[in-house]
There are 2 protein chains.
Amino acid sequence: MQSFIYDTPTRVYFGKDQEQKVGEIIAGYGAKKVLIHYGTQSAVRSGLIDLVTEKLDAQGIAYVLLGGVQANPEIQMVREGIKLCRAEGVDFILAVGGGSVLDSAKDIANGYANPEVDVWEFTMGTAQPAKTTPKGCILTISAAGSEMSDSCVISDSGRGIKRGYGSPMNRMNFAIENPELTYSVSAYQTACGAVDIAMHTIERYFCPGQDTYLTDAIAEAVIKSAFKAGADCIADPKDYTARANMMWASSLAHNGLTACGRKVQLVVHQLEHEVSAMYPKVAHGAGLAALWCSWARYVYKDNLPRFLQYAEHVWNVDIDYDHPERSALAAIAKQEEYYRSIGMPTSLHELDVKEEDLETLALRCSREKTRSLLGARPLSYEDILAIYRMAL
Amino acid sequence: MQSFIYDTPTRVYFGKDQEQKVGEIIAGYGAKKVLIHYGTQSAVRSGLIDLVTEKLDAQGIAYVLLGGVQANPEIQMVREGIKLCRAEGVDFILAVGGGSVLDSAKDIANGYANPEVDVWEFTMGTAQPAKTTPKGCILTISAAGSEMSDSCVISDSGRGIKRGYGSPMNRMNFAIENPELTYSVSAYQTACGAVDIAMHTIERYFCPGQDTYLTDAIAEAVIKSAFKAGADCIADPKDYTARANMMWASSLAHNGLTACGRKVQLVVHQLEHEVSAMYPKVAHGAGLAALWCSWARYVYKDNLPRFLQYAEHVWNVDIDYDHPERSALAAIAKQEEYYRSIGMPTSLHELDVKEEDLETLALRCSREKTRSLLGARPLSYEDILAIYRMAL
């Protein structure tokens with residue numbers, strides 16, 4: 001077991017009607033003027049933005065609105081948000097939405113608090129935020145885990161770049177999680193969410209490490225629950241139990257809990273970010289589903305015992321110890337079958353990715369052949385390209 | 001699933017040599033003068049206190065020492081600590097030890113920060129701390145979970161009272177957890193620790209609630225890991241993997257994670273506190289082991305499905321659906337057998353508890369028949385007495 005720092009300071013208010021507390025909660029941070037950041041008009045149409053402004057009014061807290069965040073949030077919107085915060089003297093940022101809105105809000109919070117640095121440097125990894133602005137969220141999609149994570153993914157679609165950076169500054173001060181607010185999420189987006197949630201922990205699970213049996217068992221619990229909840233949510237979008245377990249899985253899958261004692265890089269996320277950067281219509285979760293099984297079939301022989309543990313504990317495969325590879329492949333096939341059952345793709349061609357782009361994707365993912373991805377065996381440019389080819 | 005607030009702000013530094021960072025960490029809180037609170041001379045003999053003072057010296061941070069905390073920490077020591085903090089102008093409290101030292105430090109931190117209230121009122125539940133003093137710990141025993149919990153248990157042995165109170169003010173700002181620091185914990189204390197850790201989560205698991213399958217699966221992971229790690233630590237006290245998994249289980253078992261969405265009261269803890277309050281030589285973990293199986297046999301029929309889930313998932317019992325009670329009892333017997341295998345008692349007479357004291361214990365535990373304990377069926381004075389009798 002490797003040494004680690006565990007730091008999950010986000011205070012979570014979980015359950016029905018928790019958004020009613022938002023004014024009171026923000027008042028507790030001594031806020032005077034709040035940037036309310038949101039995405040499409042659905043947050044307005046649902047009445048959620050009105051509720052927030054009403055609750056802030058009741059506390060005598062001023063606010064300014066900035067909507068319009070799209071999936072794969074853009075650095076331009078972040079810059080606009082920072083400018084608005086400066087002009088208005090904002091001292092608290094509230095994100096209302098899913099992972100894209102939350103990540104945009106995080107980056108605004110960091111850029112606004114560190115005016116001496118160009119905010120894009122945080123995404124590119126050439127600078128780290130030293131401070132941040134207090135921030136919280138009302139979550140409306142269970143998927144990205146951004147509500148408790150230290151991660152923030154920003155795109156510059158003009159340059160075909162989409163990258164994430166980790167920082168303690170990216171932790172929300174609070175997260176309001178009412179599962180009922182996700183009842184209206186479409187079946188497709190729900191499926192994408194289930195994949196993203198499970199993958200946050202599956203990828204940690206397959207990172208190098210050993211002797212972490214407590215972490216492993218917790219990870220298996222989160223993965224299985226995410227898969228079960230995802231399917232149940234699709235079967236009945238207003239199944240509170242399913243929406244609640246899925247939402248809580250979203251938070252725990254990506255807050256650090258499921259990697260304690262292991263080295264971490266979310267390898268398939270790295271592969272996927274290049275895909276949705278080049279093809280912005282690709283939903284992140286769908287991209288992950290399209291790639292995972294190929295990644296797994298490419299690497300499983302390098303770490304067979306780990307795949308057997310996964311097969312047995314997550315997919316209830318009876319291990320064939322005479323032919324252990326068959327058991328590993330059986331688990332991968334079961335996961336592929338699950339992805340199909342919830343309407344997810346299991347290949348890149350289903351997402352209209354073109355063969356002639358694969359080399360560019362591999363070049364970008366390997367940072368022009370200057371980095372390898374983490375694994376039992378590190379994955380070079382050639383390996384990355386081979387995985388993209390298998391996934392096509 | 002019930003609504004809940006999840007709030008685990010403690011920053012954990014986990015792994016070998018993490019105590020070397022203590023000066024640097026405390027400097028990060030802007031501390032000028034630290035109360036170093038510890039227990040018996042073993043922390044001094046091991047060199048750990050010297051290391052702490054050396055690291056504080058290197059940061060130019062002053063300190064004052066207060067040792068001598070005993071198992072079942074006393075309100076008198078808390079009062080002494082508060083007096084010392086006032087006299088010395090302490091602004092940070094560092095606990096070096098196990099749960100007793102940590103709880104004593106928490107109560108000092110609360111009493112010192114709230115001079116208008118008599119600190120004993122927090123324990124009695126007649127007042128709640130509104131503020132606290134920044135505090136951290138270096139953990140040397142894996143058991144109580146106090147390093148991440150919101151709980152604090154204090155005794156007034158003169159009056160035979162031992163009680164716990166929960167408060168957000170009881171959360172440590174940081175916890176240093178180096179599993180190697182627990183290598184010297186005796187087999188008996190290690191066994192008591194394994195019981196206490198597992199019980200923090202088992203008791204939550206059996207609290208009223210439903211539709212919490214993610215929480216349940218995480219709870220099962222923590223319980224099984226605690227039992228495995230406990231036995232492995234006893235077999236080889238310097239097994240790093242075992243000590244590490246046990247230490248991490250200690251923190252997760254009692255920080256709130258394993259009860260999310262369920263109603264909580266640690267019922268067997270309530271039964272046990274009266275026993276070790278009356279018989280101060282009884283180690284808390286041993287008292288829990290002596291009581292749990294009787295509690296379980298008394299209540300299992302009221303919540304058979306839950307006991308079957310526990311039997312199957314934690315003790316790998318093949319459920320006999322024609323005779324489900326047999327399966328529940330088989331799991332209870334397995335747990336009893338485990339307790340014996342690690343040298344724990346499974347009855348009160350092994351702890352020299354006398355029959356003539358049982359009524360007094362039940363009266364105290366029921367607060368003179370004014371409260372019931374939580375359960376599928378609430379446990380009245382008569383139930384409590386019956387359980388003590390079964391456990392004798």
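Among the residues of chain A, Pro9(A) is the one that comes closest to the rotation axis, its C-alpha lying at 2.2 Å. The axis in question belongs to a predicted model, and the operation that defines it is a rotation of 180° with 0.0 Å of shift along the axis, which superposes chain A on chain B with an RMSD of 0.0 Å. The two copies are thus related as by a two-fold rotation axis. The same surface serves both copies, in that 100% of the contact residues of chain A recur in chain B.

From the symmetry one may turn to the charged side chains. Side chains of opposite charge can pair when their charged atoms come close. Over all chains, a search of the whole structure finds 30 salt bridges, and those around Asp216(B) can be followed one at a time.

One of them joins Asp216(B) to Arg262(B), with the closest N and O atoms 3.7 Å apart. Asp216(B) belongs to helix 8 (residues 213-235) of chain B, whereas Arg262(B) sits in the loop between helix 9 (240-253) and helix 10 (267-278) of chain B, so the pair ties together parts that are 46 residues apart in sequence. Buried means a relative accessible area under 20%; Asp216(B), with 6%, is therefore buried, and Arg262(B), with 7%, is buried as well.

Asp216(B) also meets the side chain of Arg306(B) in a salt bridge, at 2.8 Å from N to O. Because Arg306(B) lies in helix 12 (residues 304-315) of chain B and Asp216(B) in helix 8 of chain B, this pair ties together parts that are 90 residues apart in sequence. Arg306(B) is buried, and so is Asp216(B).

Elsewhere in chain B, the side chains of Glu359(B) and Arg389(B) form a salt bridge, with 3.6 Å from N to O. This pair links distant parts of the chain, since Glu359(B) is found in helix 14 (residues 358-365) of chain B and Arg389(B) in helix 15 (residues 381-391) of chain B, 30 residues apart. Here the surroundings can be read from the accessibility of each partner: Glu359(B), at 44% relative accessibility, counts as partly exposed, and Arg389(B), with a relative accessible area of 43%, is likewise partly exposed.

In chain A, finally, salt bridges that share partners join Asp216(A), Arg262(A) and Arg306(A) into one network.

How values were computed. Residues numbered from 1 in each chain as written. Chains lettered and ligands numbered in written order. Predicted model: local features only at pLDDT ≥ 70, side-chain atom pairs only at ≥ 80, totals over all residues. Heavy atoms only, no water. Least-squares fit on C-alpha atoms with pLDDT ≥ 70 in both. Contact = heavy atoms within 4.5 Å. Salt bridge = Lys/Arg side-chain N within 4 Å of Asp/Glu carboxyl O. Helix = DSSP H or I, 4+ residues; strand = E, 2+ residues; numbered from the N terminus. Buried < 20%, exposed > 50% of the residue type's maximum accessible area, 1.4 Å probe, protein only.
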